[in-house]
Amino acid sequence: MCSLETMSYALQADERFTGLGIGSALSKLGPLLAVAVVWAGLSASPQLLLVGLAGGLAAGLAATVRAMPPATGNEALPSLTAAWSIVSYGRSLPVAIAAGVMSAWMHVWFVKAYGGAAEAGVYAWAASLYALASAALMPMSAVIAPHLMDLVLANERDRARQRTALFTAVTVLAAIAAPA
C-alpha cells in the first residue's frame, strides 16, 4: 500500500494525476470483489479475502506504475551523501508503515473486539465503499479546485465552466452511488 501511495505522490510531483484515482480505486476494489464472491455463494475464508486484498493492491500498483512517466535514461547517479541520507531515512519506514496499518485498521479491530468477526467484516466492507468514494472525490477536491482558480486567474472562463460542470457531475454521481 505504501508503494502505491508513494508512486501516486511521485506522479503528483510530476504534475500527472492519472494514477492517483484509478490506483486507489483498484486497490479498494479487490477486497470488495472478494466479498461479492462470498455473497454470491462461495464459502467465506480468510484466504479468499487475502487474495482479494492482494489482487486489489497488485492491480492498483500496476495501474499506478503504468501512469508513471517513462525514464529518460540520463538521470545522474546520486552522490554517496545523498544515497546515505536516503538509506538513513528508509530506516524509519517500517515504523511509518506500522503506524499507517494501525490507523487504517484500528476501527475494524475495535468493532471486532466489541462485536465479533461478522460485524467487523460488514463494517470493513462499508468502510471500503466509503474509501472508494473518497478515492474519487478527494483527488478532485485537491486537484480541480486549485486548477479552477488558476483558470479564473488566467481569464479562461470557458474552461473554468467546463471543469466546474465536470466536478459537479462527478460529485452528484458519487452522492447518488454512495447510499446504494
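**Figure 1. Tyr114 and a nonpolar surface patch.** Tyr114 is exposed, with a relative accessible area of 76%. The residue belongs to helix α5, which covers residues 93-115. In this predicted model, Tyr114 contributes to a nonpolar surface patch of about 850 Å². The other members of the patch are Ile97, Val101, Met102, Trp105, Met106, Trp109 and Phe110.

**Figure 2. Overview of the chain.** The chain has 180 residues, of which 17% count as buried. Seven helices and zero strands make up the secondary structure. Along the sequence the pattern reads α-α-α-α-α-α-α. About 12400 Å² of the chain is exposed, and carbon and sulfur atoms supply 72% of that area. Take the contacts in the chain with a separation of 6 or more: 59% of them join residues 24 or more positions apart.

**Figure 3. Helix α3 and its buried face.** Helix α3 runs over residues 46-67. Its 22 residues, at 1.5 Å a residue, should span 32 Å. The end C-alpha atoms are 32 Å apart, so the span agrees with the expected value. Which residues of α3 are buried? They are Gly52, Gly56, Gly60, Ala63, Thr64 and Ala67. Seen down the axis of α3, the buried residues fall within an arc of 100 degrees, so they line one face of the helix. The other side of α3 carries exposed residues: Pro46, Gln47, Leu50, Val51 and Arg66.

**Figure 4. Val37 in helix α2.** Helix α2 covers residues 18-39 and includes Val37. Is Val37 buried or partly exposed? Val37 counts as partly exposed, at 35% relative accessibility. Leaving aside residues up to four places away in sequence, Val37 touches Leu42 and Leu48. Gly52 lies 15 residues from Val37 in sequence. In space, the C-alpha atoms of Val37 and Gly52 are 9.6 Å apart. Gly52 is one of the buried residues of α3.

**Figure 5. The salt bridge between Arg159 and Glu156.** Side chains of opposite charge can pair when their charged atoms come close. How many salt bridges does a search of the whole structure find? The search finds two. One of them joins Arg159 to Glu156. Their closest N and O atoms are 2.9 Å apart. That distance meets the 4 Å cut-off, so the pair counts as a salt bridge. Arg159 is partly exposed, with a relative accessible area of 36%. Glu156 is also partly exposed, at 30% relative accessibility.

**Figure 6. The salt bridge between Asp158 and Arg161.** The side chains of Asp158 and Arg161 meet with an N to O distance of 2.7 Å. Where do Asp158 and Arg161 lie? Both lie in helix α7, which covers residues 157-177. The two residues are three apart in sequence, about one turn of the helix. Asp158 counts as exposed, at 59% relative accessibility. Arg161 is exposed too, with a relative accessible area of 52%. Both values are over the 50% cut-off, so neither partner counts as partly exposed.

How values were computed:
Residues numbered from 1 in each chain as written. Predicted model: local features only at pLDDT ≥ 70, side-chain atom pairs only at ≥ 80, totals over all residues. Heavy atoms only, no water. Buried < 20%, exposed > 50% of the residue type's maximum accessible area, 1.4 Å probe, protein only. Helix = DSSP H or I, 4+ residues; strand = E, 2+ residues; numbered from the N terminus. Contact = heavy atoms within 4.5 Å. Areas by Shrake-Rupley, 256 points an atom, 1.4 Å probe, with all protein chains shown as cover. Expected span 1.5 Å × (residues − 1). Arc of directions from axis to C-beta. Patch = residues over 30% accessible without salt bridge, like charges linked within 9 Å, V, L, I, M, F, W, Y side chains within 5 Å.
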